[in-house]
Amino acid sequence: MAQNKQELRIVTYMCPSHPVQLYELILELLEEALNCYTTLQYESRNSGPLRNRPDPFSTNKADLGFMSAAAYMKLREKNKTAIELLPVTPVFAHQMNLENKPGYFSDIIIHSDKKAHNVNTLLDLRGCTFAYCDEESFSGSKIVLKTLKDKGENASFFGSTLKSGSHLSSAQMVLSKQAEWAAVDSTTLLYSKKFMYDGGRDIITLETLGRLPPYPVVANANLAVEIKKGITDTLLTLSQTNKWKSEFSKFGIIKFDANSNGAYDGPAAQMWSIQKEKLNIRYY
């Protein structure tokens, strides 16, 4: 007879930009550490709860969720009482992350052929075709708009834009020359290049923007306090176990570190406030 165990219902909105195997690994870790069962919902159509639908936390259909920082900030505004930010976040390897701090980056990528056309900085991409995952993404579009605005530019900078649907698709568009450049989540590029044609050798990182707010780990507010603490403690200490440290390093995760709502205020809130900036400008 099956043992009567707690079941954790987990949802991820981070795939396919992040490999689903990463979240399956988190499930394995939690099952072992908390002696529970886990189930995983995979929603690839948006980086957070779908618009115009009840979120799975307020309807009590999910206990734990992984989503983008932008999606968390929107959900926090919409339904603050249904969710709780757990004080933990993954830390990914990146050449700019020398101090191994939380947060991630946006890599501006081009095909190696562009280098032969004297493309050396972001401003050299004026008039080129830009691929982006979606309009709400911090790393895929908002940080690009903010950076261009800081340089005195606006959306007229883009020759044309292509909505790819995911960071992975944006990178593939650059590799296949459907787009001349893209801004992609640095963690996507880190993991996925090795699976691309010729190891993604023809993709060049022109510039890196950020640091961006950490990836939030969101819990149902009704989840038992001891379970939320158990999840947090398990993630924070996984790097102390060689087995789990080795498994997570395959996805570029160095460790999990502390996180708080302060990470989504200040500069993050400032970036969120440029919602009126659009990728396309109408001409009359």
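How many nonpolar, polar and charged residues are there, by class, in the lining of the second largest cavity? I shall begin with that question and then move outward to the sheets and the pocket. Please keep in mind throughout that this is a predicted model.

By class, the second largest cavity is lined by 5 nonpolar and 2 polar residues, with no charged residues. The residues concerned are His18, Pro19, Leu22, Phe92, Thr187, Tyr191 and Phe251. The space inside amounts to about 40 Å³.

This cavity is one of 2 in the structure with a volume of 30 Å³ or more. The largest cavity reaches about 80 Å³. Its lining comprises 13 residues, and those nearest its centre are His18, Tyr23, Phe66, Pro90 and Tyr215. His18 therefore deserves a second look on the screen, as a residue listed for the largest cavity and for the second largest cavity. By class, the lining of the largest cavity holds 12 nonpolar residues and 1 polar residue, and again no charged ones.

Which elements supply that lining? Helix α1, strand β5 (89–92) and strand β12 (253–257) each provide at least two residues. The greatest contribution is that of α1, with 3 residues.

Helix α1 leads us to the first of the sheets that I wish to describe. This helix, residues 20–34, lies across β1, β2 and β3, and runs at about 160° to β2. The sheet in question is open and has 5 strands in the order β2-β1-β3-β11-β4, with mixed pairing. At its edges are β2 (37–42) and β4 (83–85), each of which pairs on one side only. From one strand to the next, the twist averages 25°.

Within this sheet, β1 (residues 7–12) and β3 (residues 64–66) run parallel and are joined by 3 bridges. To locate the pair on the model, find isoleucine 10, which stands opposite leucine 64 in β3.

I turn now to another open sheet, again of 5 strands, in the order β8-β7-β9-β6-β10 and with mixed pairing. Why is one side of β8 and of β10 left without a neighbour in the sheet? Strands β8 (160–163) and β10 (203–212) stand at the edges and have a single partner strand each, so one side of each lacks a neighbour there. Neighbouring strands of this sheet are turned against each other by 25° on average, direction ignored.

Strand β6 (residues 104–111) pairs with β9 (residues 181–185) in the antiparallel sense, over 5 bridges. Isoleucine 110 has tryptophan 181 in β9 as its bridge partner. Helix α4 (residues 167–175) packs on this sheet and touches β6, β7, β8, β9 and β10, with its direction at about 150° to that of β9. Helix α3 lies across β6, β7 (129–132), β9 and β10, and runs at about 80° to β10.

Helix α3 also brings us to the last topic, the largest pocket. Both α2 (69–78) and α3 (138–150) supply at least two residues each to its lining. The pocket has a volume of about 390 Å³. Of the 27 residues that line the pocket, Asn46, Ser47, Cys133, Asp134 and Gly165 lie nearest its centre. By class, the lining has 10 nonpolar, 10 polar and 7 charged residues. The contrast with the opening question is plain: charged residues are present in the lining of this pocket, whereas the second largest cavity has none.

Notes. Residues are numbered from 1 along each chain as its sequence is written. This is a predicted model: local features need pLDDT of at least 70, side-chain atom pairs count only at pLDDT 80 or more; totals for chains, interfaces and linings use all residues. Side-chain values use heavy atoms; hydrogens and water are left out. Two strands pair if DSSP finds at least two bridges between them. Helices (H or I, at least four residues) and strands (E, at least two) are DSSP runs, numbered from the N terminus. Axes are lines fitted to C-alpha atoms, for helices over the stretch in contact, and angles run from 0 to 180 degrees between N-to-C directions. Contact means heavy atoms within 4.5 Å. On a 1 Å grid over the protein atoms alone, a cavity is a set of points where a 1.4 Å probe fits but cannot get out, and a pocket is an open set with protein on both sides within 12 Å along at least five of seven lines; lining residues have an atom within 4 Å of a point. Grid points are joined across faces, edges and corners, and a volume is the space filled by probe spheres set on the points. Ala, Val, Leu, Ile, Met, Phe, Trp, Tyr, Cys and Pro count as nonpolar, Asp, Glu, Lys and Arg as charged, and the others, Gly among them, as polar.
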